[in-house]
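Me: I would like to go through this structure slowly, one contact surface at a time. Could we look at it together?

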Amino acid sequence: MAGEFAIEMKDVLKQFVTPEGGILPAVDHVDMQIQDGEFFSLLGPSGCGKTTSLRMIAGFELPTSGSILIRGKEMSQVPAHLRPVNTVFQQYALFPHMTVEQNIGFGLEMKGVGKAERAKRVAEALEMVRLPGMALRRTKQLSGGQQQRIALARALVNKPEVLLLDEPLGALDLKLRKEMQLELKTLQREVGITFIYVTHDQEEALTMSDRIAVMNKGRALQVGLPEEIYERPADKFVADFIGETNFLDGSVLGQSGSTVEIDLPGCGLARVESSRTFTRGQPVTITVRPERLHLNEPFENGNNLKGRVEEVIYIGTDTQYGVRFSERHKVRVREQNATQAQKEIARRGDEVIVSFTSASPRLLTE
Amino acid sequence: MLNFFRGNKKRQLFGLISPGALWILLFFNLPLLIMLFISFAERGRTGGIASPVVYTLENYKQFFNACVSQYAGPQCDPFLYLGIFGSSVRIAFVVTFFCILAGYPLAYFMARQKPLWRDTLMLLVIIPFWTNFLVRTYALKTVMSGEGLINTILMNLGLISAPLEMMFNEFGVIVGLVYGYLPFAVLPMYTSVEKFDHSLMEAAADLGAPPSRAFWRVMLPMTMPGVIAALVLVFVPVVGAFITPDIMGGGKVEMIGTLINRQFGVARNWPFGSAMSLILMVLVLLGVIYYFRSSSEETRRAM
């Protein structure tokens, strides 16, 4: 349906009163549209407003101003129990005094679904999260991973319009978390329900999401596909938060067409492609990922900067080199250890040339 | 002396335990045995028991079938004392009910406050404990009596023409008992509510439960251990209460406690008083055991 989103946040503001009496905007005029069937992540550091946004969609918090539409219906002031969304809580929040079956059936019971129908759908839900035969267990008897799946089943059994997940994998160990990431993604594709996933783990967001909103200090800084967010970060915060990156401060010398020439004081010139226009003398920051930099493989039409290796860190698949150009400028370079020879490109103290194409970096302005 | 304990764990443990254990043995267990003994004896003329001791079951029979000598022979009423016991149980249930009804929201409210404010409120609940119970009950009397505060205000406002009879009846006794035992209900329920994870209420709401259903299905069952502790802590002493029924009832409301009290006082019938005390104890104990047997496993474990 044209113009109808699963969730639409319009100019949403949420202010909290701090204990000192000040006003803290936890969510600061956020606009967001989440499409039907999308796996959408809210990504950011703690305190960025991602959880508050999720809680406003769930109905646990009411926005100070602005509106939240669920399937085109204004819902920002509707109490939680009347909203067609379900939540998977960070600490699962399973009811400890009920069996697994009673937990999963709770939402259906509230809707007045009969006992027989309920039992059938609970069994299906358990099947879906691959925990059949667990119906009569107490939740305390289950492992963290199992509780996680029960929480998921308890939410999905209600066939919500949108499933909200608040860092659901945070309490699991790394290996189980990786497994669950893929499983969640597969499950989401199968059931076709819109997922809104809150996480502070950028790798998790990149792995699972169709689209990501990067948040900081209550604002949505950039909303886009994982590739967009990674390749074309909108600002310094996004570039820094998503993956590893290098920043080189300089100023614009000139621009011809889409090529911008930048002066990096103490280490020479760099040419960077950009679709934007810059003025001469404008301070800019070049941001470029470590894996886009190369050691001692000068490019004919690229940027080649001279530096000295300060550190060499071996990390299995890759080796990371810390290279200093000048007092102000330092980069990390990542080289894959595909062959034995590549492992030994440079040693600490070596003079090297760091190269990158003009299309690799992004130009950021303050 | 100290060498006796040095380096000997068993002796140290013995030394630490014995003061408390001796106290309980001497002043709780032993008197209970003495009471058991007295309850099977015949009464003495001026209190105490008849000497030489004559063993009898009369005191227990008396409770279940009270007989009084009349011109036309012994007149028996099997429900005289059982009736008083029954009304004591009924009053205790009413008092417990109101203590829990009033205490639960208070406990909830306190548990949801910020720590500093919470501690202040806690103190306000506990302070009455530090005031003499008798003084408190007399204070309540001055508020509720015929010329008391409430009646004076209502009369002066012209809302009533004659004083309300709020004392020397069951109403007065119940108000006095609820007033006296409310803190006993608040404290255990506070502990339970404070431990309750409030995100479970959000989970319930999220799954479509309106606040009232979330309360009945999630919060109340999960805080049940506190409610049951409150029930036991209020019900047991109230069944046997005698000061409050005495003052607030003015001798017109008979409870098992006042009856027992009288046996050791004016009636000078120690054996009958002892027998009634033991019957009360056993019946209350049976009641509590039955309650725990029939309540859920979880509640029992929490106690």
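Me: What is the area buried between domain 1 of chain A and domain 2 of chain A?
Reply: This is a predicted model, and in it chain A is divided into domain 1 (7-240) and domain 2 (244-364). The contact takes 10 residues of domain 1 of chain A and 10 residues of domain 2 of chain A, while carbon and sulfur atoms give 48% of the area buried there. That buried area comes to about 870 Å².

Me: Which three residues supply 55% of the area that domain 1 of chain A buries against domain 2 of chain A?
Reply: The C-alpha centres of domain 1 of chain A and domain 2 of chain A lie 39 Å apart. On the side of domain 1, no other three residues supply more of the buried area than the trio asked about. These residues are A:Y230, A:K236 and A:A239.

Me: Which residue meets A:E231 in a salt bridge?
Reply: Across the interface of domain 1 of chain A and domain 2 of chain A there is one salt bridge, and five residue pairs are in polar contact, counting pairs with both residues at pLDDT 80 or more. The elements that give two or more residues to the side of domain 1 that touches domain 2 are α7 (226-231) and α8 (236-241) of chain A. The side chain of A:E231 comes to 3.1 Å, N to O, in its salt bridge, and the partner is A:R292.

Me: How many salt bridges are there between domain 1 of chain B and domain 2 of chain B?
Reply: Chain B is divided into domain 1 (1-39) and domain 2 (80-302), and their contact takes five residues from domain 1 and seven residues from domain 2. The area buried between these two domains of chain B is about 520 Å², with 85% of it given by carbon and sulfur atoms. On the side of domain 1 that touches domain 2 there are four nonpolar, one polar and no charged residues. A salt bridge needs Lys or Arg together with Asp or Glu, and these residues count as charged, so the lack of charged residues on that side fits the count, which is zero.

Me: Which residue of chain A forms a salt bridge with B:R217?
Reply: Between the two chains, 18 residues of chain B are in contact with 23 residues of chain A, and about 1900 Å² is buried, 60% of it on carbon and sulfur atoms. B:R217 is, with B:D206 and B:L207, one of the three residues of chain B that lose the most area to chain A, together 38% of what that side buries. The count between the chains is two salt bridges, and in the one formed by B:R217 the closest N and O atoms are 2.2 Å apart, the partner being A:E109.

Me: Which helix gives the most to the side of chain B that touches chain A?
Reply: Both α9 (199-206) and α10 (211-239) of chain B supply at least two residues of that side. The helix asked about gives seven residues, and it is also where confidence is highest in chain B, at 96. It is α9(B).

Me: In which helix of chain B is confidence lowest?
Reply: Chain B averages a pLDDT of 90, and 97% of the residues score at least 70. Where pLDDT is low, the predicted coordinates should not be read in detail. In chain B the lowest confidence, a mean of 52, falls at residues 297-302, in helix α14.

Terms used: Residues numbered from 1 in each chain as written. Chains lettered and ligands numbered in written order. Heavy atoms only, no water. Contact = heavy atoms within 4.5 Å. Buried area = accessible area lost by both parts, 1.4 Å probe. Salt bridge = Lys/Arg side-chain N within 4 Å of Asp/Glu carboxyl O. Helix = DSSP H or I, 4+ residues; strand = E, 2+ residues; numbered from the N terminus. pLDDT = per-residue confidence, 0-100. Domains from an automatic or database assignment. Polar contact = N/O pair within 3.5 Å; in protein donor to acceptor, adjacent residues only side chain to side chain.
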